[in-house]
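Student: I have a structure to look at and would like to go through it with you. Could we start with the ligand?

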Amino acid sequence: MVPTAENHDVVIIGGGPAGYAAALYGASAGLDIAMVEKAKVGGTCLHAGCIPAKELLETAAVRRAIVGSARFGLATSEPVLDFSVTQQRKQQVIDELFTGLSGLLERRKVTVYDGVGSLHADHLVRVRGGASGEVELHGTHVLLASGSVPRTIPGFEVDGSRVITSDELLSLQKLPASAVVIGGGAIGCEFASMMADLGTEVTILEALPKILPGCDDDITRVVLRSFKSRGIDVRTGVSVHGHEPHDWDGGTKVRFGDGESLDVETVVVSVGRRPLSDELGLDGTKVEVTDRGHVVVDDWCRTAEPGVYALGDLIATPALAHVGFAEGILVVQDILGEDPVPVDYGRVPWCIYCHPEVSFVGHSEASAKDAGFEVVVSKHRFTGNGRAKILGETEGMVKVIAEKRPDGTGGRLLGVHMVGPWVTEQLGQAYLAVNWEANVEEVAQFIQPHPSLSELFGESVLALTGRSLHA
Ligand code: NAI
């Protein structure tokens, strides 16, 4: 231990969801915690990711509700968008959550240092370049949770106006009239959906044969149909070559595919995120980093340096805030010697907040078959669901994938995939069922409230017993 360094049970580098979850949970278990953050606690999720993105998507949802209100007998005039007000509201939501989180950390006596943290030999953490000045800390345990930043691609250097990433898009004061979104993953589809619903002409250019990697094909088809009906042009299997800025306005010409091009105001690059391990130091430690920048860990997030853990987007696990929370809890339990069960990464909840929403847990039909399972599948659409009809949102379905029994009925639930109204809020019971490895009949006997959107999940599972009600 360095004699001058202040000692803590745990020193955490990075105050995003993984880091602050470990801090809050560890402090609630009585550990003395210090956290180093170079920007604001809350990380990408709170300041430039999940929270602002979903808040802007909610603006799009409100607009859709107003535009569709005549069906309910409520006559309105065409809504007029003032995106600067939208941005103010978004910032207010962020600020309130930031104040809440900061207060929580303070009450749990987590010491937060402002600066860039780096790890050196013997668990020494140096803090530099922020309001806390130059500080040396020693952690009995050190957690690396420095997160990730948007990936970029050659030929599309980010300039903050013509070419932007999620970081800039979430702070625009005015939406572009037209945009190309490069990458049809979760971020690309959420932004495409939001912008199109608020009046931007959107084209998605995706390199792979399909958008939304990881989603079941039936679910993706529903999203594609909806995107098409709302004017979003989705081109898959195309490569992008570069762009030439216009000299007559602020726009640019995007070159892609086989000699094709498109003139747009803005290019949004959403081709994934890369782990931010660049500033971690790590000299004199055994911590390993892959060519892609991920810190190498075992199933309990332990690095090769005893007492040093890595978690969140910095490691090669699903880059989701709630996975970061789970890893934060896991690491603290491991530090406390509680022999925790590792995170089952194949069965974490996925939620994509585009319109229509998508959520899933566990195997898709294709991945279950690839894994060697004989499966039975139950698919039911929201068109027959009473609550969906009341809401006027019948687009979408629930698809349940179960192991096939010799008599043809369903056994253990392997996966549940949903698309449609509020499915991100409906995944909970499917998540529990799949992770508890429940059988179809065990889940089917539970009652779903009526009328509710979640009845569709219950009915889809019931149908796999060989008998059914409405479905
Ligand atoms: P992603 O990895 O999910 O999707 C990126 C997409 O870009 C892929 O479909 C990929 O094939 C495509 N792509 C890559 N290079 C390309 C190129 N040169 N031209 C055209 N297409 C190209 O990454 P995304 O959407 O940027 O999200 C980053 C991370 O954040 C992901 O791990 C995601 O899970 C997470 N995230 C999750 C959200 C959610 O669950 N609601 C929301 C936002 C982000």
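Tutor: Certainly. In this predicted model, an oxygen atom of the ligand lies 3.2 Å from a backbone N or O atom of Ala 186. Ile 187 also places a backbone N or O atom 2.9 Å from an oxygen atom of the ligand.

Student: And which atom of the ligand is 2.9 Å from the side chain of Glu 190?

Tutor: It is a nitrogen atom, paired with an N or O atom in the Glu 190 side chain.

Student: How much of the ligand's accessible area does the protein cover?

Tutor: The ligand has 840 Å² of accessible area on its own, and the protein covers 78% of it.

Student: Which elements give two or more residues to the shell?

Tutor: They are helix H6 (186-197), strand E10 (201-206) and strand E18 (350-352).

Student: How many residues surround the ligand, and of what classes?

Tutor: There are 25 residues around the ligand, with Glu 206, Gly 272 and Cys 351 among the closest. The shell comprises 16 nonpolar, five polar and four charged residues.

Student: Where does the ligand lie with respect to the domains?

Tutor: Domain 1 (6-150 + 274-345) and domain 2 (163-271) both contribute residues to the shell, so the ligand lies between them.

Student: New topic: is Thr 409 buried or exposed?

Tutor: Thr 409 counts as buried, because its relative accessibility is 17%, and buried means under 20%. Thr 409 is in the loop between strand E21 (397-404) and strand E22 (410-420).

Student: What does its side chain join?

Tutor: The Thr 409 side chain makes a polar contact of 2.7 Å with the side chain of Asp 407. Beyond its neighbours within four places in sequence, Thr 409 is in contact with residues including Val 376, Glu 403 and Leu 464.

Note on methods
Residues numbered from 1 in each chain as written. Predicted model: local features only at pLDDT ≥ 70, side-chain atom pairs only at ≥ 80, totals over all residues. Heavy atoms only, no water. Near = heavy atom within 4 Å. Polar contact = N/O pair within 3.5 Å; in protein donor to acceptor, adjacent residues only side chain to side chain. Areas by Shrake-Rupley, 256 points an atom, 1.4 Å probe, with all protein chains shown as cover. Helix = DSSP H or I, 4+ residues; strand = E, 2+ residues; numbered from the N terminus. Nonpolar A, V, L, I, M, F, W, Y, C, P; charged D, E, K, R; others polar. Domains from an automatic or database assignment. Buried < 20%, exposed > 50% of the residue type's maximum accessible area, 1.4 Å probe, protein only. Contact = heavy atoms within 4.5 Å.
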